[in-house]
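Thanks for coming, everyone. I'll keep this short. Please look at the screen.

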Amino acid sequence: MDVGFVLQQIINGFSLGSMYALIAIGYTLVYGVLRLINFAHGDIMMVGAFMTFIALGVLTGWNFSHISMPVFFTAVGISILITAFVGILTYVSAYKPLLDKGAPKISLLITAIGISFFLESLFNVIANQYLGGTYQAFYFPKWFSTIIHIGPLTIPVLTIIVPILTLILLLGVLYILYKTKVGIAIRALAFDIYTVKLMGANSNFIIGFVFALGSALAAIGGIAYAMAYPSIDPYMGMLVGLKAFAAAVVGGIGSVTGAVIGGFILGFVEVAVPGFLPELGGWKDAFAFILLIFVLLFKPTGIMGIDFERQRF
Amino acid sequence: MSAKKYFALIAIVTAIFIAFLYFSSHIFGGYTITVLGSIYIFIILAISYNLINGVTGQFSLEPNGFVAIGAYVTAILLISPEIKSELYMLSEPLPLIRDVFLDPSKPFNPFFALLISGAFSALVALTLAFPVFRVRGDYLAIVTLGFGFIIRIFLINNPEISNGSMGLDSIPGFASYFWIGVACLVTVILVYNIVYSRYGRAMKAVRDDEDAALAMGVNTFKIKTLAFMTSAFFEGVGGGLLASSIGSISPDQFTFMLTFQLLIIIVLGGLGSMSGAIIGTILFLGGMELLRPLDQATKHLGPFHGIPGLRMVVFSILLLLIMLFARRGLLGDKEIWDYIKIKKFKES
């Protein structure tokens, strides 16, 4: 086992972890504000990936052999906008009516699962009827898969870009939360939703913004995921979404930094354990939950250890 | 209600239901019987899941794990050693797994197999209760979800126990329509008696205010563990019946989709309501069957064709609409006879 192998695993872990991190931020934001496990969030990520695919297809006339950079980023931009809109739409259609009437939290969970089923089956029908099959290969500019050699390491460009992008986005989210007016409003809402409403703030706008922000990040995560495993399918979001939620809880749900740390840890574990102990490879999908159970047993508030009643984000 | 009246009521319900079972198997065709059979099994699962989730108020997402355990234990107990050594293709079965055998042709053996499946699930629940009930609320949900997931990965990765992702087949079909119905009836009566016993009231106390229940001297951990074990027992039995009625099982049948289905059933019917769980099951499975033509491309629905996958689109929209209007489920946490009593009370 040489240094190169270890470094390679670390970089791969960073790359996979940043995808989980991007999705986990959305979970943590929504949970922080509404105390709701947004089970549809994984499928929002799937919507992001599919929308990019469809936008690329429309822009290039379904000829994926040469995708130029401007076209690709236009498609990504369109997809992020649509996905953010879908996120707001889920809030307005499935959560807001129940929240306004003070329904029990478990009813919201069922509508979240309902939205999740709806998005999955809708895109299943779309993929089968109009795209020609449930599984689709995902195309992107060749530049992203150019391989860089650094000493003993062989790294595709994508593997380096995604973690850097994640850290930049984390800084961006932290900036929004701590330095802008809407961010202060989000934190106030997370602290005490009723008082904020009484103070005359437009809580619906703020919650809508939270959903849009989380969905946009999930879309970026979904696109990165689709590029790393160059294929998409309508059910890709289910498992990734649950794992990302586990990552958010491991990091300490309600904390954005915690979500990113949890995502990175999960990515490391998923890459490193099968890398060093190949006989455990079949257990890969269970690591998230085994890790989660261990963390919760010893530190029930997660790694960032946020005191729920006092402080958030 | 006096004891005499109560037993009379149970006898009447039993007689009516047995008569219905007997006649329905003669009147209806094979398709209806299959649907009814799966409704009975899901009633067992939903009612026992409701016990931990609705009555005790511990939001857990584990039933797919216990159903899988029950199904696999029943299958392993009832498949003969000869068939097993042919069936296990990925790896040789462990000697213990291969040799354990209850001959299903002898009377009562399938019954014992179901009891053992349930007991095994309950035992797993007992060991799981110690770590799991250290956390509450949403954390409990995600930890138990993880448990269901780990069970499935365990089944896939241990081909010498479970034949891996290939699953098991040629499971003896002892679970005929009639006996599934009887098992369903027995489960409903037993769970009803638990809910209205001293323990049931303690469970409701834990749900309504855990700290207050603790202060009043209820051993909340014990009550939660008991509810968890009872729920696991019936889920294991239901899993055994499921395995026998389908005839083949594989780990992919026990994903968290199963848990989500059961969760939808009990919340749709009204969390904490037993009659709600039964109504929810009938609505859920019946609705899925009614929407089946939407999936069939050859079928004409007026001007439309069916589109494969359209059924789930329509179903999820219906689910959303029902939840938006009946926010606490159809019955809330009351039973259907409570509504009749309230109506009578208002009239008088």
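How many residues of chain B are in contact with chain A, and how many of chain A with chain B? The answer is 38 residues of chain B and 46 residues of chain A. Bear in mind that this is a predicted model.

Let's stay with that interface. People often describe the size of an interface by the accessible area lost when the parts come together. Between chain B and chain A, about 3900 Å² is buried. Carbon and sulfur atoms give 82% of that area. On the chain B side, three residues lose the most area to chain A: B:Tyr139, B:Ile142 and B:Arg327. Together they make up 17% of what that side buries.

Now, charges. How many salt bridges are there between chain B and chain A? Zero. Over all chains, the structure holds nine salt bridges.

Here is a salt bridge inside chain A. The side chains of A:Asp100 and A:Lys96 meet at 3.2 Å, N to O. Why are A:Asp100 and A:Lys96 separated by about one helical turn? Because they are four residues apart in helix 3 of chain A, residues 69–100.

Back to the two chains, and to a helix pair that spans them. Helix 9 of chain A covers residues 236–251, and helix 7 of chain B covers residues 137–157. They pack at about 130°, with their axes 11 Å apart. That angle makes the two helices, helix 9 of chain A and helix 7 of chain B, oblique to each other. Their crossing is left-handed. Who meets whom? From helix 9 of chain A come A:Leu239, A:Leu242, A:Phe245 and A:Val249. From helix 7 of chain B come B:Tyr139, B:Ile142, B:Leu145 and B:Phe149. By class, this contact has eight nonpolar residues, no polar and no charged. You have met B:Tyr139 and B:Ile142 already, in the list of residues that lose the most area to chain A.

Last, a pair within chain A. Helix 1, residues 3–34, packs with helix 8, residues 203–228, at about 165°. Their axes are 7 Å apart. So helix 1 of chain A is roughly antiparallel to helix 8 of chain A. This crossing is left-handed. The contact between these two helices has 17 nonpolar, three polar and no charged residues. Among those from helix 1 are A:Met19, A:Leu22 and A:Gly26. Helix 8 brings residues including A:Phe211, A:Gly214, A:Gly221 and A:Tyr225.

That's my tour. Over to you.

Notes: Residues are numbered from 1 along each chain as its sequence is written. Chains are lettered from A and ligands numbered from 1 in the order in which they are written. This is a predicted model: local features need pLDDT of at least 70, side-chain atom pairs count only at pLDDT 80 or more; totals for chains, interfaces and linings use all residues. Side-chain values use heavy atoms; hydrogens and water are left out. Axes are lines fitted to C-alpha atoms, for helices over the stretch in contact, and angles run from 0 to 180 degrees between N-to-C directions. Angles under 35 degrees count as roughly parallel, over 145 as roughly antiparallel, 65 to 115 as roughly perpendicular and the rest as oblique. A crossing is left-handed if the near helix is turned anticlockwise from the far one by less than a right angle, and right-handed if clockwise. Contact means heavy atoms within 4.5 Å. Ala, Val, Leu, Ile, Met, Phe, Trp, Tyr, Cys and Pro count as nonpolar, Asp, Glu, Lys and Arg as charged, and the others, Gly among them, as polar. Buried area is the accessible area (1.4 Å probe) that two parts lose on being put together, summed over both. A salt bridge is a side-chain nitrogen of Lys or Arg within 4 Å of a carboxyl oxygen of Asp or Glu.
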